[in-house]
Amino acid sequence: MKIVTLVKHVPDATGDRDFADDGTVDREAADGLLSELDEYAVEQSLRVAEDGDDVEIIALTLGPDDAADALKKALQMGCSSAVHINDDHVHGSDALATSRILAAAITKLAPDLVVCGMASTDGTMGVVPAMLSERLGWPAATLGVDLKVSGDTVSIRRDGDTASQTIEATLPAIVSVTDQSGEARYPSMKGIMAAKKKKVDEWDLDDLDIDADEVGLDAAHTKVTATAPRPPKEAGRVVVDDNGSGAAALVDFLSAGKYL
Amino acid sequence: MSNVIVVAEVHDGHVTKPTLELLTLARRLGDPIAVVFGPAADLTGVLGEYGAATVVEVDDPLLGQYLLTPQTEALAQIISAREPAAVLMSATMDNREIAGRLAVRFDAGLITEAVDVTAEGTVQSVFAGNWTVRAEVTKGLPIITVKPNTCAPEAAPVDATVEPAGVSLDAATSGARITASEEKRASGRPELTEAAIVVSGGRGTGGDFSAVEALADELGAAVGASRAAVDAGWYPHSYQVGQTGKVVSPQLYIANGISGAIQHRAGMQTSKAIVAVNKDEEAPIFELVDLGIVGDLHTVLPAVTEGVRKAKS
């Protein structure tokens, strides 16, 4: 069985994230790392591999040179090999173009299962798994809090907006998992050493038969017209509670703000 | 004027407040058409009151049998038939997937989690609410998901009539199967993402949410929880506020025993007013507050609840 696990290199959310002049995320402004939500996708893929015989996991990423760091982490955690799609023309791609490129790569890799995080921690749109499902014509079981493969069927428990459901799909299929799916493992020393010998393929748009003018900023269907940092918030009042003074201050606040 | 499709959300037989906000926003762009999944006859009153003269009803057993693909297919057929100028949906987990699928089918311009929509473009709040982004759709049909509490619903009464969608759905191409489904139990409190006030608890509750719930009930508020509280098993995941849980932007957010980790801030930073109660005066949440109380929530909150009760009487 072959699994493709999608991973993304994102700016560290604890750093100062910023936009470049062209309205795209400035990837130089903050240190990057493997998106935390994708670690759960890697973890669930590894658990499927531990439960089954002869399971291969390929970590796939789309991004500039630094994105190799996300692949490295995925390999250290235990993925078998990696593919890095790296092409200057991809810069500024919207979700439509991103899903087009990833779908082409998945078609080329021909896996039985694609596992994704529920969203990236930078764009946070959470639309790529559904878009891949449309493009590939494969069913998508999304927002899984677990993941099981049995024969040619994948099943998840899904914690949705209004219901908890069990979802089944016939392979090949797309699955996305949430942060409730189980703690992601840390790479072991053995894993870190083994990762150095694992294969990382570099692909560009030519390898995927995609024209440069189909992707990137100019092909995007939406345009950022302005970005502005949130105005600094005026420091609020802080009251140290002393024998009920905290509660009194809060009741006054609620009353003055007409929240009662 | 051109038509704008609004996908109506219905909970327990009622049209949700975010849907009324969508209808209000849609009228800036054209004439709203409401699409309802399920029986629509009882909803024409409220949908008409907010300006939807046409209510398109999609009532098909396949809706509950496959995961979101029947809804996508139905909307795709409705969009092809009615050629709207835009499609507006509320920013739920389900809708982001439906919107993504429709964007592929129509090669559309997709904007998610807008906090304002005008004829000139959209506004989004990104990077944990630290940046505001203005954007416009430059190619294709605009498909926009909108966060709750984006505007105040304004009535604009018209007579609404129900039209059957006239779509044909096909089980053979319907994707992932729903083999079991359990509706989440209603808490009796307002929906977390819709509530005007949210009272939430974190690690500092020590697992006892009774003081948080009591204050919420006195204020008619929703209850939320931090990831630490959810991970500890103290509160269900569906109440988690944060980047990987629910994103809320109520009029007032009261955080209790929550330190203010970045992923929590991402879920509540756009609240209009923020209050925090925390024993640790160094907690980063105090950087966000309009009012901070350094104190033990187990003594402060019951006193606040009692004070509110007295103030109201």
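Trainee: So helices (H or I, at least four residues) and strands (E, at least two) are DSSP runs, numbered from the N terminus. With that settled, where is the place of Asp54(A)?

Mentor: Asp54(A) sits in the loop between helix H1 (36–51) and strand E4 of chain A. Before we go on, note that this is a predicted model, where local features need pLDDT of at least 70, side-chain atom pairs count only at pLDDT 80 or more, and totals for chains, interfaces and linings use all residues. Residues are numbered from 1 along each chain as its sequence is written, chains are lettered from A and ligands numbered from 1 in the order in which they are written, and side-chain values use heavy atoms, leaving out hydrogens and water.

Trainee: Got it. What about the phi of Asp54(A)?

Mentor: Asp54(A) has a positive phi of about 55°, and it is not a glycine. Most residues other than glycine have a negative phi.

Trainee: Is Asp54(A) buried or exposed?

Mentor: Asp54(A) counts as exposed, at 69% relative accessibility. Buried means under 20% relative accessible area, exposed means over 50%, and partly exposed is in between (1.4 Å probe, protein chains only).

Trainee: And what is phi of Glu113(B) near?

Mentor: Phi of Glu113(B) is near 55°, a positive value in a residue other than glycine. Glu113(B) belongs to strand E7 (residues 109–118) of chain B. At 22% relative accessibility, Glu113(B) counts as partly exposed.

Trainee: Any odd peptide bonds? What is the peptide bond from Leu171(A) to Pro172(A)?

Mentor: The bond from Leu171(A) to Pro172(A) is cis, with omega near 0°. Most peptide bonds are trans. You will find Pro172(A) in the loop between strand E10 (163–170) and strand E11 (173–177) of chain A.

Trainee: Let me zoom out. How many helices and strands does chain A have?

Mentor: Chain A comes to six helices and 14 strands. Its C-alpha atoms fill a box of roughly 65 × 40 × 40 Å, taken along the principal axes. Of the 260 residues in chain A, 51% are buried.

Trainee: New topic! How many salt bridges are there over all chains?

Mentor: The count comes to 26 over all chains, where a salt bridge is a side-chain nitrogen of Lys or Arg within 4 Å of a carboxyl oxygen of Asp or Glu. In chain A, for instance, the side chains of Arg185(A) and Glu43(A) meet in a salt bridge, at 2.9 Å from N to O. Arg185(A) lies in the loop between E11 and helix H5 (189–195) and Glu43(A) lies in helix H1, so this pair ties together parts that are 142 residues apart in sequence.

Trainee: Which of those counts as buried, at 3% relative accessibility?

Mentor: That is Glu43(A). Arg185(A), on the other hand, is partly exposed, with a relative accessible area of 27%.

Trainee: Which residue forms a salt bridge with Lys148(A)?

Mentor: Asp146(A) does, with the closest N and O atoms 3.9 Å apart. Asp146(A) counts as buried at 15% relative accessibility, while Lys148(A) is exposed at 53%.

Trainee: What does Glu168(A) form with Arg177(B)?

Mentor: Glu168(A) and Arg177(B) form a salt bridge, and their closest N and O atoms are 3.8 Å apart. Glu168(A) is in strand E10 of chain A and Arg177(B) is in strand E12 (residues 177–183) of chain B, so the pair joins two chains. Glu168(A) is partly exposed, with a relative accessible area of 26%, and Arg177(B) also counts as partly exposed, at 26%.

Trainee: Which residues are linked in a network of salt bridges?

Mentor: Glu36(A), Asp179(A), Arg227(B) and Asp231(B) are linked that way.

Trainee: Now cysteines. How many disulfides does the structure hold?

Mentor: Zero over all chains, a disulfide being a pair of cysteine sulfur atoms within 2.5 Å. Take Cys79(A): the closest cysteine sulfur, in Cys116(A), is 13 Å from its own sulfur, too far for a bond. Cys79(A) counts as buried, at 0% relative accessibility. Over in chain B, Cys151(B) is buried too, with a relative accessible area of 15%.

Trainee: Last one: where is the place of Val289(B)?

Mentor: Val289(B) is in the loop between strand E16 (273–278) and strand E17 (291–294) of chain B, and counts as buried at 1% relative accessibility. Val289(B) and Tyr253(B) are 36 residues apart in sequence and 9.4 Å apart in space, C-alpha to C-alpha.
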